[in-house]
Structure formats: C-alpha cells, structure tokens
Amino acid sequence: MPVALEELLREPAFHLRLLVEPPDRRTLARPIAWAHSSDLPDPTPWLEPGQLLLTDGAHFADRTDDAFAVEYVRRLVEADVLALGFATEILHAAVPAELVAACRAAGLPLLEVADRTPFMAIIRHIADARELERRQRLERSLEAHRAVARAALRPDGLRAILDELERRLDAWVVLLDPAGLPLDAPRTAMPDAVRDDVVAAVRQAMGRGLRAAIRVDSPAGAFTVQTIGRRGALRAALAVGGDAPLDRAETDLITSVIALASIALEQTSELDGAREALRRALLELLLSGEVEVARRTAAQLAIPVPRGSAVRVLAVPAEPGGGAVIARAGGLAVRRDDRVVLLVEERRSDAAVRVLTDAGLSAAVSEAVPWSALAEALRQAEWLLRQGVPAGTARSFGDEADRGLHGLLVRGDGALVAAALLAPATRDEEGRQLLESARVWLQHNGAFEPAARELGVHRHTLRARMAQLGRLLGLDLDRFADRAELFSAMRLLPPV
C-alpha cells in the first residue's frame, strides 16, 4: 500500500516531528498520494488531493503577519492537501509561529522536517512505495488471471471460475439467467436484502439486448451487474457484490471471467441441446416398450432413468430457472413444448413433488403405472397440467379420478353448458315446475309410478310433463342418453 503519514513519521532517517495533529487521528493513516515541494505563495494550481506539500518557507522569509499564514493554509485545505512539511535549519531556525497557529486553527497536519533532510529522499521513499504497490498489484492480478484460467480447465469449469472470482474479490458472485434467477447454487448466497434490486438490474440490462455493465448503490447494499453473451444473444448476467467500486485490476479480472463464462455457456447450450435430444430419444424407447434398451443406453450416457417396476409421470411448466430445480427432483426429465415431463420411480415420487412445490413450481402427477402403461401415464399428467395447477402446488390424477366425471364437469365449464341447455325451462315458473318434476322422476330412475306418488299427481300427468319438458329442451327423454344429459345438467346447475 502507499505510504501513510504515520508510517512516514516513524522513519528515523527523515527526522520528522508532528507539530500539529489532525482533528481526526484517522487522517494519519490516509495514504499519501504524492509529495511535492514548492516555495510559491500559492502552489495549489500544481497540487492534487491527498498530496504532502514540502517547503523551505522562502515565501515566509519576509512575511510574518498572521493574515498571510491564514490565507496560505486556507488555500491548501481547499485543495485537499494531506499535510504540510516545513524544513528548518535552512531558511528558518523554527517553523513560524503564525503558520503553526493557522494550521492548528484549520486542522491541517504540520510536520517539521529537521536536520536538513533532503526533500528528494522523502519524495523517492513515497515513489518507491507506490511502485512496489503497483508491482505487487500487477503480480496479484496476473496470479488471479492464471488461477481463473486453471479453474476453467476443471470439469466443472464454469462453477470453478466463479468460485475463484469470488475468492479473489472477497465478494459474493452469482450467475443469473435473463429472468434474474440463479443458474446454479453459488458458493456464497446473494444477500436477501438486495435480491429484488439485483433481479431488477439484471432484467433492465438484459432487456437492452446489448453488452452492458450496471453499478447499483442501493440502501440494502452495492453491487455490479454485467451481461454475458453476444449482442442480441445475451445468455446470462454476472452480479458481483461489494460496497467499494471495482479497481482496474478487478475490472480486468471480471472481464476475463465473463469471456470464459460466455464460452462455457455457449458450449453448455450446445451440450444441453444434444442431451435433450438424447433424452427425447430415450423417452421414445420407453414409450415403445424397450425399457431395458433405454436403461442400458442411458447408463452409457450418464442420463438417469428410473429403476423399479412402477413409475409416475410428473408434468411441470417449462419456466426460466426451473431446470435446476427439476434436476434436483431426480428422474428422467424431457422437454415437450411448453412443459417438462419427469419420469420418477413410484417410491420416490412424493420426494420429487416436494422438491418441485417447495421451489414454487406446479406439478401434475399421474397414477403409478407399470412401464407398459407409460403412454397412458404421460397423457394423464399432461392433460392434468393443461387443466391448471396453481404455482407451488401439485394435483394428482388419482384424486381427479376419485371425484368422478361430475367433479371434472364442475371444475370445467360444465355449468355454462348446463345453463344453456336448461335455459328454455328456467325462464318462467311453469318451466321450473317441469324441472322439479323431472328431478323427482330421475331420482326414481325414470319410474313414473313412484315419482307420481311423491309428486301427488297421476302417472299419466307426469308422463305428459316429461314429454312437454323434452319438447321444450329438444330432448327425447325416452332415450337413456338424453335422460343422462338432463340428469347431468340438473346436477351442474345451481337451484334457481
């Protein structure tokens, strides 16, 4: 690190003495940006913030008034000079008292440079320290780049380079998809407090379709987001936490990581496409009954295929970021249009469902079937998913079957169809009385005699009413199919 004032004061060769301490002792630990010597009454045009100004005091040789010293010190403070070093035993036997008073009043540290210490020795000492720091920073940067390059050669190269970047920056590092969801489990989790801000920044950057970097300083914490991929084909974004802005070496390291990550993501995308094609082929083999062939092929390709004699099919919406969750659920996952079907062993299906629903995904679950009935289980799960499954929940086809066809009609649009069918009879009181007679008649399985007794009418009267209702509704109630239609509609339609 560059030399601080307190380190310079400890150097015995320079014979420095602190005459005026700063109001805040932390100022002594502030690094010295540079050292400059000048005897000009106003050297500030040539000074930069954080510098140590050294002077022989020639401009104080014939000026002993307080006003000159106060104005001189004021200009130095406004230029953010770190400290003033005044040489004694050259032009002045001691530091002028008015200068000491002005520095004390303004809070500017004042050093006495005694024993004719050469200013050049102090300047060279500071310059050597800065050069050493620059060289060490360069060596650290080169070592970091080498470490990242070595990590890229590992089998888990993408994860390895991100872990290495996190260690080098001492910050959390997360790779996210275009929706702002983590692509894998990071070494250090993103703080919950900044999660929403990070997601918003990622979506903003990805929405532009251009390579971009965004620095966000939110109350919850600061971070940087940089996109990964080609213009118009962005694949991901890298979020890096940290309150301090990145320096040049850290920025260069992140640039290298983004280049390597971009290559890795391209390769992963191509590999995922090939694997997806293989999984689809395995599913076709399983559907055709070639279970053992599919298992042997999958074993050679390191693709999981459920064991056991019974299997369930889970249908899950294909959502951004859902791939990692589905992979944790286990089994054989195959993308089919806007959904993913997951084949799991019956005994592991409950655990797989919990993994999916705990992550906020919805799951439609088939009945447990032997491999020979896999096609039927696939139809069950996909049909059930099309009916709608709320996020974070699961629906089982077995439960739907237990509720019967009436339950299906109730959850669907059956009531709308029933209302349209019965509308001619629900418009007036006479029609509603005909429907009530039909309700009693159907409860007696279409037998006129017991239904007429319950209604308190002659059986011929009831028969005439059913004929009238049939004409009104366009149904032939002598036919079983039309009776079933009327029965179903009356069950679905709420009482009027």
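Student: What is the strand order of the open sheet of five strands, and what makes two strands count as paired?

Tutor: The order is β1-β5-β4-β3-β2, with mixed pairing. Two strands pair if DSSP finds at least two bridges between them; strands themselves are DSSP runs of E with at least two residues, and helices are runs of H or I with at least four, numbered from the N terminus. This is a predicted model, in which local features need pLDDT of at least 70 and side-chain atom pairs count only at pLDDT 80 or more, while totals for chains, interfaces and linings use all residues. Residues are numbered from 1 along each chain as its sequence is written, and side-chain values use heavy atoms, leaving out hydrogens and water.

Student: Why are β1 and β2 called edge strands?

Tutor: β1 (16-20) and β2 (34-37) each pair on one side only. For β2, four parallel bridges join this strand to β3 (residues 51-55), and W34 has Q51 as its bridge partner there.

Student: How do you know that helix α3 packs on the sheet?

Tutor: Helix α3 (residues 97-106) touches β1, β4 (83-87) and β5 (110-113), where contact means heavy atoms within 4.5 Å. The direction of α3 makes about 65° with that of β1; axes are lines fitted to C-alpha atoms, for helices over the stretch in contact, and angles run from 0 to 180 degrees between N-to-C directions.

Student: What makes strand β10 largely enclosed?

Tutor: Buried means under 20% relative accessible area, exposed over 50%, and partly exposed in between, with a 1.4 Å probe and protein chains only. Eight of the eight residues of β10 (residues 310-317) are buried, so the strand is largely enclosed by the rest of the structure. A310, R312, L314 and V316 point one way, V311, V313, A315 and P317 the other way, and all are buried. In a regular strand the side chains alternate between the two faces of the sheet.

Student: How do you know that β10 pairs with β12, and in which sense?

Tutor: Seven bridges join β10 to β12 (residues 339-345), in the antiparallel sense, and P317 has R339 as its bridge partner. Two antiparallel bridges also join β10 to β14 (residues 369-370), with V311 opposite V369.

Student: Why is the contact between R74 and E78 called a salt bridge?

Tutor: A salt bridge is a side-chain nitrogen of Lys or Arg within 4 Å of a carboxyl oxygen of Asp or Glu. The closest N and O atoms of R74 and E78 are 2.6 Å apart, so the pair satisfies that cut-off. Both residues lie in helix α2 (residues 66-78), four residues apart, about one turn of the helix. R74 is partly exposed at 34% relative accessible area, whereas E78 is exposed at 58%. R74 and E78 also belong to a network of salt bridges with D42, E71 and R75.

Student: What makes E382 buried and R336 partly exposed, given that they form a salt bridge?

Tutor: E382 has a relative accessible area of 7% and is therefore buried. R336 has 24% and therefore counts as partly exposed. Their closest N and O atoms are 2.7 Å apart. E382 lies in helix α11 (residues 374-387) and R336 in strand β11 (residues 332-336), so the pair ties together parts that are 46 residues apart in sequence.

Student: How many salt bridges does this rule give?

Tutor: The count comes to 24.
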